[in-house]
Structures are given as C-alpha cells and as structure tokens.
Amino acid sequence: MRGARIVEGVKVTAVLTARGRVTGVRWESGEGEGEIACETLVNCGGQWAREFGRLAGVNVPLCSAEHFYLVTKAIPGVTPDLPVIRDPDGFLYYKEEVGGL
C-alpha cells in the first residue's frame, strides 16, 4: 500500500545496477521475460538467499544444510512444559512434540 509490488511465479535472472545501486531486476516466467525498475530490492530467498545475493554481487553468509525431523510416540512423563534439551556438539535438540520428543 506504499508502492511495493510483489510478483510471484517468476525467476529473477539478473539484478540490474548503476553506480553501485540497484535499479531493477530482469525476470523470466513461462509467459516470457521482462524487467522491473526499483529503488529497493528485498532478498527474501530463504535457503536460496546466497545464490540470489550473488546476482547483485552481495555475499550472503548462509549455507543451506539438510536436516531431519523425527517425532517419537508419546512417552510417559513428557509434557508440554518440558524444557528444550540442546546438544551443541551433536548439532541436536530435543523438545516436546505431541507428548513425545
């Protein structure tokens, strides 16, 4: 409502710059290609933010990593107020989830 424009379903192929500032983006979709001018560009690329940042020559210090999420069956004594248990050496944490861990 303050002039922002959100465009979904397109792939940004280039970040356009002039004199060290963003001036727009080049994009493509199944319907063709185009360019959109802008003064401000927000990187909302999630796990692809690093790759997207490279289009603008920006280093985003992010490294995606595969992870796993397991939920056990209910365990007696495990309640929602159980504190989160962290094991930083093993890159693990345990927390209550539906009566289990």
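Me: Which residues form the nonpolar patch on the surface?
Reply: This is a predicted model, by the way. The patch has about 520 Å² of accessible area, counting its members together. Those members are Tyr69, Val71, Val84, Tyr93 and Val98.

Me: Is Val98 buried or exposed?
Reply: Val98 sits in the segment after strand S5 (92-94). Its relative accessibility is 65%, and the cut-off for that upper class is over 50%. So Val98 counts as exposed.

Me: How many salt bridges does the structure hold?
Reply: One of them brings together the side chains of Arg26 and Glu35, at 3.0 Å from N to O. Lys95 and Glu97 form a salt bridge too, and their closest N and O atoms are 2.9 Å apart. The structure's count is two.

Me: What does Lys95 count as, at 30% relative accessibility?
Reply: Buried would need under 20%, and exposed over 50%. Lys95 has 30%, so it falls in between. Its salt-bridge partner Glu97, at 24%, lands in that class as well. Lys95 therefore counts as partly exposed.

Me: How many bridges join S2 to strand S3?
Reply: S2 and S3 run antiparallel and make a hairpin with two residues between them. Across the pair, Ser29 stands opposite Gly32 in S3. The number of bridges joining S2 to S3 is six.

Me: And which residue in the turn between S1 and S2 has a positive phi?
Reply: Strands S1 (residues 11-18) and S2 (residues 21-29) run antiparallel, joined by seven bridges. They form a hairpin with two residues between them. The one in the turn with a positive phi, about 50 degrees, is Arg19.

Terms used. Residues numbered from 1 in each chain as written. Predicted model: local features only at pLDDT ≥ 70, side-chain atom pairs only at ≥ 80, totals over all residues. Heavy atoms only, no water. Patch = residues over 30% accessible without salt bridge, like charges linked within 9 Å, V, L, I, M, F, W, Y side chains within 5 Å. Areas by Shrake-Rupley, 256 points an atom, 1.4 Å probe, with all protein chains shown as cover. Salt bridge = Lys/Arg side-chain N within 4 Å of Asp/Glu carboxyl O. Helix = DSSP H or I, 4+ residues; strand = E, 2+ residues; numbered from the N terminus. Buried < 20%, exposed > 50% of the residue type's maximum accessible area, 1.4 Å probe, protein only. Pairing = 2+ DSSP bridges.
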